[in-house]
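Me: I've got a model open and I'd like to work through it with you. Can we take it one question at a time?

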Amino acid sequence: MDPRPSIDPLPRHVAIIMDGNGRWATQRGLSRVQGHRHGKDSVREVVETAREIGIEYLTLYAFSTENWGRPRREVEALMRLLKRYLRSELRKMMRYEIRLRAIGNLRKLPPDVLDELRRVEAGTRHNRRMTVQLAVGYGSREEIVRAARSLARKVRDGRIKAEQIDESSFSDALFTAGIPDPDLLIRSSGEWRVSNFLLWQIAYSEIYVTDTLWPDFRREQFIEALQHYARRERRYGKTAEQLAEEA
Ligand code: IPE
Ligand code: IPE
Ligand code: MG
């Protein structure tokens, strides 16, 4: 393997919209499902690279709420692939001390997939080197509505006052509670949109869109994105001069 690249500063949390499997397959005269199969190899490589480089949190958009509306055969194939991925990766996650957690509305998942997900979550719970958040059946608007509802219930039951709802308590009511916001959001396949992903959490994330289709997004492309991030200036509303003074 090439020497460990030095990237400074390194994002703590990288979130990825893994898009373009279908187009990758179509370009090669393959079925969309074949594209997803190759996409799974990109997931493996990106997780390994993130772990090697020292990224603390990696969030992967694997299946959106809206993706439930795809043809049944494709949805079934994606679920099978997810289950197979979880099965095959558990041992590696233990060896590399990777914790896996799922975010999204998991109740819609087929029971065998949910069981596998819970098994890997439970097995890797104490791993501390890196956290992989797998967004499955995930939709950010749904997540925000759920959070609002749970806070409203707490107010109704007198457990908190309405005035106590602030950005921090709201964050804690989301699926991503306890996880810092993404520093970098990557989207593959050249689509400049967010597709209902982490709307609250990406308020100040740097965004990187690449034309590379997800099955071709491997170690090299990931490192390129990280190097791009390292050159950005994060201003958080301030001026460049203010930042220079603070440094
Ligand atoms: C991303 O690839 C994977 C999922 C959304 C599950 P797509 O299947 O969306 O691929 P394109 O966008 O059709 O190329
Ligand atoms: C976003 O990709 C969801 C995932 C990558 C899981 P889509 O392919 O579903 O997004 P749109 O439909 O192009 O916005
Ligand atoms: Mg797509």
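Me: Which residue has an N or O atom in its side chain 3.3 Å from an oxygen atom of ligand 2?

Reply: Keep in mind that this is a predicted model. Polar contacts here are pairs of N or O atoms within 3.5 Å. An oxygen atom of ligand 2 pairs up at 3.3 Å with a side-chain N or O atom, and the residue that owns it is Arg70.

Me: How much of ligand 2's accessible area does the protein cover?

Reply: On its own, ligand 2 has 390 Å² of accessible area. The share of that covered by the protein is 78%.

Me: Which residue puts a polar side-chain atom 2.9 Å from an oxygen atom of ligand 2?

Reply: Look through the residues around ligand 2, which include Asp19, Asn67 and Arg70. Asp19 has a polar side-chain atom 3.2 Å from a ligand 2 oxygen, so that's not the distance you asked about. The 2.9 Å distance belongs to the side chain of Asn67.

Me: Which strand gives the most to the shell around ligand 2?

Reply: By class, that shell has five nonpolar, two polar and four charged residues. Three of the shell's residues come from a strand covering residues 57–64, and that's E2.

Me: Now ligand 1. Which residue has a polar side-chain atom 2.7 Å from one of its oxygen atoms?

Reply: Some of the contacts with ligand 1 use the backbone: Gly20 has a backbone N or O atom 3.3 Å from a ligand oxygen, and a polar backbone atom of Asn21 is 3.1 Å from one. The 2.7 Å contact uses a side chain instead, and it comes from Arg70.

Me: What percentage of ligand 1's accessible area does the protein cover?

Reply: Taken by itself, ligand 1 has 380 Å² of accessible area. Ligand 1 sits in the largest pocket. The protein covers a share of that area equal to 87%.

Me: Which helix gives the most to the shell around ligand 1?

Reply: Two helices each supply at least two residues of this shell: H1, at 21–27, and H2, at 32–53. The biggest contribution is three residues, and it's from H1.

Me: How many charged residues are in the shell around ligand 1?

Reply: The shell includes Asp19, Arg23, Arg32 and Arg70. Split by class, it has three nonpolar residues, five polar ones, and a charged group numbering four.

Me: Are the rings of Tyr61 and Phe197 stacked or edge-to-face?

Reply: The model has nine aromatic pairs in total. In this one, the ring centres are 4.1 Å apart and the planes meet at 10°. Planes under 30 degrees apart count as stacked, so the pair of Tyr61 and Phe197 is stacked.

Me: How far apart in sequence are the parts that this pair ties together?

Reply: Tyr61 is in strand E2, while Phe197 is in the loop between strand E5 (184–187) and strand E6 (206–209). Because of those positions, the pair links parts whose separation in sequence is 136 residues.

Me: Is the peptide bond from Asp8 to Pro9 cis or trans?

Reply: Most peptide bonds are trans. Pro9 is in the segment before strand E1 (13–17). The bond leading into Pro9 from Asp8 has omega near 0°, and that makes it cis.

Me: What's the phi of Asn196 near?

Reply: Most residues other than glycine have a negative phi. Asn196 is in the loop between E5 and E6. Its phi is positive even though it isn't a glycine, with a value near 65°.

Note on methods
Residues are numbered from 1 along each chain as its sequence is written. Chains are lettered from A and ligands numbered from 1 in the order in which they are written. This is a predicted model: local features need pLDDT of at least 70, side-chain atom pairs count only at pLDDT 80 or more; totals for chains, interfaces and linings use all residues. Side-chain values use heavy atoms; hydrogens and water are left out. A residue is near a molecule or strand if one of its heavy atoms lies within 4 Å of it. A polar contact is a pair of N or O atoms within 3.5 Å; within protein, one must be able to donate a hydrogen and the other to accept it, and residues adjacent in sequence count only if both atoms are side-chain atoms. Accessible areas come from the Shrake-Rupley method with a 1.4 Å probe; for residues, only the protein chains shown count as cover. On a 1 Å grid over the protein atoms alone, a cavity is a set of points where a 1.4 Å probe fits but cannot get out, and a pocket is an open set with protein on both sides within 12 Å along at least five of seven lines; lining residues have an atom within 4 Å of a point. A molecule sits in a cavity or pocket if more than half of its atoms lie within 2 Å of its grid points. Helices (H or I, at least four residues) and strands (E, at least two) are DSSP runs, numbered from the N terminus. Ala, Val, Leu, Ile, Met, Phe, Trp, Tyr, Cys and Pro count as nonpolar, Asp, Glu, Lys and Arg as charged, and the others, Gly among them, as polar. Rings of Phe, Tyr and Trp (its six-membered ring) pair if their centres lie within 6.5 Å; planes under 30 degrees apart count as stacked, over 60 as edge-to-face and the rest as tilted.
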